[in-house]
Amino acid sequence: MTDILRTNVLSRFSCLGDRCEDTCCQKWSMQVDEATIERYRQEAPELLEAVESSPESPWIMRKDAATGFCVKLEGGLCAIHKQYGDRFLGDACSFYPRVTRALGEQVVMTATMSCPEIVRLALAEEHAGAVTPASVDRLPHHVKNYLPDGVTPADALAIHQAFLHATEDTQTSAEHIFLRIASASRSLERIDKKSWPQMAAFYLAHADTRLPPAERDAADPFNLLHALCGLIVASHKPLSDRLKQTIADMEKTLAVTLDWEQVQIRTTPQSLSAYQKIQALWKEKAAEKFSPVLRRWLQMQLSTSLYPYSGLGHALEERITIIGVRLATIKLALTCSYGICGAELPQDVVIRVIQSVSRFLDHLGDPDFSLKIYTETGWIKEKRMRGLLET
């Protein structure tokens, strides 16, 4: 057994297996690590037939060409796990949706919102992203260490927890909490990492006094959907049925059409008024109700990325910009679904929206194209980000 810190949501997580509405055993390129391949060679060579090479990874689980399911999925359950046990599963299959990182000798295990059950559990718990001590039988073969030089694991963890704690302000909107986190992050980036333990909480506490005025652009909602389209096309990843439904709802509510061949968004004379109408309805009827949803999503984003030490992007300004655009995208998608479903927006639709967008965005491995788009739209600037979130 190994002692770790584990995010609260994982203490209640159990894979739904054949009951999962978007299983990772279908259409996903589940990587197989070299240590597992070597175990197959030595102890179960027959399992080598279940893996293949891929442009994305040296080895992945082979999928059935007709169904997209892993060839070892039988009746909704993994035949490798059933017949051989967990130690014959590659790290990706064994640990998903868990994400494991280290701060020195301190191992932290959290979870990604690309899993429907994780979204369901996270939205039901105020402190889903907080970490507590736990013991596990197995860790991934490689756990990357994100501890900065000159910072102790305890201090690094305290900084991470300070950001998580910021999301628990129930009197403040998720959008404004994010702006505080972004402001504190920009301030931290200007000082030596050795000073972060003394300054992180201070910057968070005084962030409101440093926020710039919002700079808005009426085209931002349409730019968000267009940016998502561009990222999907550039990734060469197929859309899941759930993401197709989420995007279709956005197109319908905004009175726009995405041209996937030309990577363009085609608006209509009704598009701006359609957005303004649903935006006003959201602010009046739904914003307060769904504020906890967005706060918990934000907390899980920080938890999954062990923020501020990891995440998509090379520097804090880049990481926080990417999280901010994702928050704005989730909010827009929920607003559009609310426009279709009305006041009784079903919980399963909320889960589908968050999970389907997260399934795509959380698995982007390269920040450069995202940042190119976000720089061109101006969202990397603090005042433009505020305008985007408060539109």
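A residue counts as buried when its relative accessible area is under 20%. Keep that cut-off at hand for the exercises below, which explore a predicted model.

**Exercise 1. Find where Gly 378 lies, and decide whether Gly 378 is buried or exposed.**

Step 1: Look at the loop between helix H13 (368-377) and H14, since Gly 378 lies there.
Step 2: Gly 378 has a relative accessible area of 9%, so Gly 378 is buried.
Step 3: Now pick out Ser 173, which is 205 residues from Gly 378 along the chain. The C-alpha atoms of these two residues are separated by 23 Å.

**Exercise 2. Describe how helices H6 and H14 pack, and name the residues that make the contact.**

Step 1: Two packed helices are described by the angle between their axes and the distance between the axes.
Step 2: For H6 (residues 174-189) and H14 (residues 382-390), the angle is about 165° and the axes are 10 Å apart.
Step 3: Angles over 145 degrees count as roughly antiparallel, and H6 and H14 are therefore roughly antiparallel to each other.
Step 4: The crossing of H6 past H14 is right-handed.
Step 5: On the H6 side, the contact is made by Glu 175, Phe 178, Leu 179, Ser 183 and Arg 186. H14 contributes Glu 382, Met 385, Arg 386, Leu 389 and Glu 390.
Step 6: Sorted by character, the residues of this contact are four nonpolar, one polar and five charged.

**Exercise 3. Classify the ring pair of Trp 196 and Tyr 309, and place both residues in the chain.**

Step 1: Aromatic rings pair if their centres lie within 6.5 Å. The rings of Trp 196 and Tyr 309 are 6.3 Å apart, centre to centre.
Step 2: With 35° between the planes, the pair is tilted.
Step 3: Trp 196 sits in helix H7 (residues 196-205), while Tyr 309 is in the loop between helix H10 (271-304) and helix H11 (316-341). The pair links distant parts of the chain, as its members are 113 residues apart.
Step 4: Trp 196 is buried, at a relative accessible area of 4%, and Tyr 309 is buried too, at 7%.
Step 5: Try Tyr 374 and Trp 379 next: their ring centres are 5.9 Å apart and their planes are at 45°, so this pair is tilted. Both Tyr 374 and Trp 379 are buried.

**Exercise 4. What joins Tyr 307 and Pro 308, and what is the phi of Leu 306?**

Step 1: Most residues other than glycine have a negative phi, and most peptide bonds are trans.
Step 2: Tyr 307 and Pro 308 are joined by a cis peptide bond, with omega about 10°. Pro 308 is in the loop between H10 and H11.
Step 3: Leu 306 is found in the loop between H10 and H11. Leu 306 is not a glycine, yet its phi is positive, about 50°.
Step 4: With a relative accessible area of 2%, Leu 306 is buried.

**Exercise 5. Where is His 236 found, and is His 236 buried or exposed?**

Step 1: Go to the loop between helix H8 (220-235) and helix H9 (241-254), where His 236 is found.
Step 2: The phi of His 236 is near 60°, a positive value in a residue other than glycine.
Step 3: His 236 has a relative accessible area of 72%, so His 236 is exposed.

Terms used
Residues are numbered from 1 along each chain as its sequence is written. This is a predicted model: local features need pLDDT of at least 70, side-chain atom pairs count only at pLDDT 80 or more; totals for chains, interfaces and linings use all residues. Side-chain values use heavy atoms; hydrogens and water are left out. Axes are lines fitted to C-alpha atoms, for helices over the stretch in contact, and angles run from 0 to 180 degrees between N-to-C directions. Helices (H or I, at least four residues) and strands (E, at least two) are DSSP runs, numbered from the N terminus. Angles under 35 degrees count as roughly parallel, over 145 as roughly antiparallel, 65 to 115 as roughly perpendicular and the rest as oblique. A crossing is left-handed if the near helix is turned anticlockwise from the far one by less than a right angle, and right-handed if clockwise. Contact means heavy atoms within 4.5 Å. Ala, Val, Leu, Ile, Met, Phe, Trp, Tyr, Cys and Pro count as nonpolar, Asp, Glu, Lys and Arg as charged, and the others, Gly among them, as polar. Rings of Phe, Tyr and Trp (its six-membered ring) pair if their centres lie within 6.5 Å; planes under 30 degrees apart count as stacked, over 60 as edge-to-face and the rest as tilted. Buried means under 20% relative accessible area, exposed over 50%, partly exposed in between (1.4 Å probe, protein chains only).
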